[in-house]
Amino acid sequence: MQTLTLQQLADAIGAQVQGDAALTVTGVATLASAQPGQIAFLANEKYRSQLDTSKASAVIVAPNIEVPAGMSVLCTSNPYAGFAKVAQLLDTTPKAAESIHASAQIHPSAKIGKNVAIGANAVIAENVELADNVTIGVGCYVGPGTRIGAHTQLWQHVVIYHNCVIGEHCLVHAGSVIGADGFGWANEGGKWIKIPQLGRVVIGNRVDIGASTTIDRGALDDTVISNGVIIDNQCQIAHNVFIDEDTAIAGCTVLAGSCRIGKRCLIGGATAINGHISICDDVQISGFSMVIKEITEPGAYASGIPAAPQREWRRNGARYRQLDDLFQRVKKIEKQLEQ
């Protein structure tokens with residue numbers, strides 16, 4: 001168990017202490033579930049009433065927020081970000097591996113840095129480069145010529161194909177596949193001819209990739225995931241996609257081949273983005289959206305249709321099928337009125 005004083009936490013995240021700076025904190029929790037020794041946070045006004053009944057020893061709040069007597073405070077302008085930083089400092093999540101297991105298969109040509117951990121039954125192929133403090137989980141496969149930067153961690157059963165590049169301080173969750181073939185085929189007389197996928201996947205620093213996500217290698221050029229990108233579980237990133245810095249992509253999203261996503265975009269879950277289009281910086285796309293043409297202006301976009309009672313949905317569906325007929329009738333009436 002990690003234990004830090006409130007002052008140590010304040011110094012680490014750039015916050016101000018109000019109350020007992022020597023108070024020891026052992027973990028984080030919500031206002032409702034916190035126990036003595038834990039620190040909670042208030043980032044949303046609708047939970048403010050929980051401050052009065054919370055058992056937390058300390059709370060992270062914005063300036064000028066009143067807290068119950070006797071409760072110590074970390075004061076910061078962004079309490080949610082402050083909570084995230086404190087949670088990192090007090091994180092008790094185990095590593096995917098702690099040492100190089102005897103059953104790991106490491107090719108003699110592989111270059112292994114200092115303090116590298118490789119779990120049971122992992123395979124490190126020829127000419128792989130693992131930088132210092134890399135962690136490879138149980139059952140992972142790292143293909144020939146792949147390079148992985150310092151402090152990056154792969155959880156269990158991650159597959160990295162050949163010649164991929166992963167930067168520093170990345171986290172790849174279990175079951176993800178990086179560098180599989182893109183969906184490249186030519187058609188001749190109704191028969192499919194496979195196009196070898198000769199590009200790579202190049203991933204920058206501080207990238208987080210969720211469980212069972214697939215990132216395909218490029219056909220000729222590379223598929224590129226830039227610094228600071230976060231990708232949720234079960235996403236599909238097709239060949240030659242480019243994702244710029246600090247974009248966030250929620251679960252079950254599909255990015256078709258050669259689309260380009262700008263910086264700081266927020267893409268909601270189960271979104272589908274067409275291939276060969278570009279989305280500019282600072283775009284927010286609501287979940288279940290289908291994006292079929294370029295977005296050139298920052299802002300919020302949506303196309304998903306909310307669920308409705310079945311009878312209403314069927315009625316509206318029938319009316320939708322009549323829409324063209326209605327349009328033609330209105331057009332005919334307009335022409336008659338013009339005469």
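Two strands are taken to pair if DSSP finds at least two bridges between them. In the predicted model analysed here, A40 stands opposite V59 in β6, and this position belongs to the register of strand β5 (residues 38-41) with β6, which pair in the parallel sense over three bridges. A further position of the register is given by I39, whose bridge partner in β6 is A58.

The protein is divided into domain 1 (4-90), domain 2 (105-301) and domain 3 (312-338). The description below begins with the sheet that contains β6, continues with the helix residue V86 and the sheet of nine strands, and ends with the surface patch.

The sheet that contains β6 is open and has five strands in the order β2-β7-β6-β5-β4, with mixed pairing. β2 (16-18) and β4 stand at the edges, and because each has a single partner strand, one side of each is left without a neighbour in the sheet. At the β4 edge, strand β4 (residues 27-28) runs parallel to β5 and is joined to β5 by two bridges, with G27 standing opposite Q38 in β5. On the other side of the order, β6 and strand β7 (residues 72-75) pair in the parallel sense over four bridges, and the bridge partner of V61 in β7 is C75.

Within strand β6 (residues 58-61), the side chains are divided between two directions: A58 and I60 point one way, whereas V59 and V61 point the other way, and all of these residues are buried. The two bridge positions named above for β5 therefore involve residues of β6 that point in opposite directions, since A58 is the partner of I39, V59 is opposite A40, and A58 and V59 point in opposite ways from the strand, with buried meaning under 20% relative accessible area.

Residue V86, found in helix α2 (residues 79-89), is likewise of interest. V86 has a relative accessible area of 0% and is therefore buried. With residues up to four places away in sequence not counted, V86 touches L9, I13, V28, I39, I60 and L74. Among these contacts, I60 is one of the residues that point one way from β6 together with A58, and I39 is the residue whose bridge partner in β6 is A58. In sequence V86 and R314 are 228 residues apart, and in space the C-alpha to C-alpha distance between V86 and R314 is 50 Å.

A second open sheet is formed by nine strands, which follow the order β9-β12-β15-β18-β23-β26-β29-β32-β35 with parallel pairing. β9 (111-112) and β35 (278-279) stand at the edges of this sheet, each with a single partner strand, so that one side of each is left without a neighbour in the sheet. At the β35 edge, strand β32 (residues 260-261) and β35 pair in the parallel sense over two bridges, and R260 stands opposite S278 in β35.

The centres of domain 2 and domain 3, taken over C-alpha atoms, are separated by 46 Å. A nonpolar patch on the surface is formed by Y320, L323, L326 and V330, which together have about 410 Å² of accessible area. Helix α4 (residues 323-338) gives the most to this patch, with three residues, whereas Y320 is found in helix α3 (residues 310-321). Y320 counts as exposed because its relative accessibility is 63%, the cut-off for exposed being over 50%.

Methods
Residues are numbered from 1 along each chain as its sequence is written. This is a predicted model: local features need pLDDT of at least 70, side-chain atom pairs count only at pLDDT 80 or more; totals for chains, interfaces and linings use all residues. Side-chain values use heavy atoms; hydrogens and water are left out. Buried means under 20% relative accessible area, exposed over 50%, partly exposed in between (1.4 Å probe, protein chains only). Domain bounds come from an automatic or database domain assignment. Patches are made of residues with over 30% relative accessible area and no salt bridge: like charges are joined within 9 Å, nonpolar side chains (Val, Leu, Ile, Met, Phe, Trp, Tyr) within 5 Å. Accessible areas come from the Shrake-Rupley method with a 1.4 Å probe; for residues, only the protein chains shown count as cover. A salt bridge is a side-chain nitrogen of Lys or Arg within 4 Å of a carboxyl oxygen of Asp or Glu. Contact means heavy atoms within 4.5 Å.
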